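The following note is offered to a colleague who is meeting this structure for the first time. Please read its numbered points with the model at hand.

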Amino acid sequence: MNSVFKSTALAICTVVLGLSASAVWAQAHHHAHPQAQAKPPAPRTVLPFDEKTWAHALQHGPRPAAYLFTTSYCSTCPAAFAVLHKAVQQRKDKPERQVELNAVMMDVAGPQALRHASHFKGMTQMYAFDGFEPAIRQAVDPAWPNVTPYVVLVDAKGQTQRVIGPPAPELLKRWLTPT
């Protein structure tokens, strides 16, 4: 019985050492697939979005870009974001222009907001409202009826298009048409 125990313990140690060596080798020699390298990493931080952020983004932010305003309880927001992501993936001028896809959490910030990042595949950056929510919405669009998903598309010229829910194909086409 003692030799059976020793043989079993030796086999377990061999397996554990083999797995450890494999893990160390994989970390030292990670060969990612080219497709995996092309995906932008998920954001690890949530940037603040206050009353001044929108004006700054319109003046100095990336173009084209999409901003999806959402809440932690919005059940249709991930589907609206998926429409944006698919439109960006299908555009013809992929190599020439990077299109930013941003999610703006209206009701949670920090780690609580990051928990929702996985719902927004292809997201470039996550923001969270930082301040008085009605004032921030007013700065983005005085006519915004506080409904989500609220999407604002900024085209290459800086022109905006606003829609509640997923944007229609013709709206997406106008947004992504190179100038």
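1. In the points below, two residues are in contact when heavy atoms of theirs lie within 4.5 Å. The model under review is a predicted one.

2. The packing of helix H6 deserves attention at the outset. The buried residues of H6 pack against two kinds of element: the helix H3 (53-60), and the strands S1 (46-49), S2 (65-70), S4 (125-129), S5 (150-154) and S6 (160-164).

3. Which residues of H6 are buried? They are Ile 136, Arg 137 and Val 140. These residues lie on the same side of H6, because the arc that they cover around the axis is only 100°.

4. The structure holds one salt bridge. Its partners are Glu 133 and Arg 137, whose side chains meet at 2.6 Å, taken from N to O. Both residues belong to helix H6, which spans residues 133-140, and they are four residues apart there, so about one helical turn separates them.

5. Are the two partners of this salt bridge buried or exposed? Arg 137 has a relative accessibility of 13% and therefore counts as buried, since the limit for that class is under 20%. Glu 133, at 23%, counts as partly exposed. Arg 137 thus appears twice in this note, as a partner in the salt bridge and as one of the buried residues of H6.

6. A further point concerns the loop between helix H5 (110-114) and strand S4, where Thr 124 is located. With a relative accessible area of 25%, Thr 124 is partly exposed. Its C-alpha atom is separated by 5.6 Å from that of Asn 102, although the two residues are 22 residues apart along the chain.

7. The second largest pocket has a volume of about 270 Å³. Its lining consists of 13 residues. Nearest the centre of this pocket lie Ala 87, Arg 91, Leu 172, Lys 173 and Leu 176.

8. Which helices each supply at least two residues of this lining? They are H4 (77-90) and H7 (169-176). The largest share comes from H7, with four residues.

9. As to the chemical character of the lining of the second largest pocket, seven residues are nonpolar, four are charged and two are polar. The reader may wish to view this division together with the residues nearest the centre, among them Arg 91 and Lys 173.

Notes
Residues numbered from 1 in each chain as written. Predicted model: local features only at pLDDT ≥ 70, side-chain atom pairs only at ≥ 80, totals over all residues. Heavy atoms only, no water. 1 Å grid on protein atoms, 1.4 Å probe; cavity = no way out; pocket = protein on both sides within 12 Å on 5 of 7 lines; lining within 4 Å. Points joined across faces, edges and corners; volume = space filled by probe spheres on them. Nonpolar A, V, L, I, M, F, W, Y, C, P; charged D, E, K, R; others polar. Salt bridge = Lys/Arg side-chain N within 4 Å of Asp/Glu carboxyl O. Buried < 20%, exposed > 50% of the residue type's maximum accessible area, 1.4 Å probe, protein only. Arc of directions from axis to C-beta.
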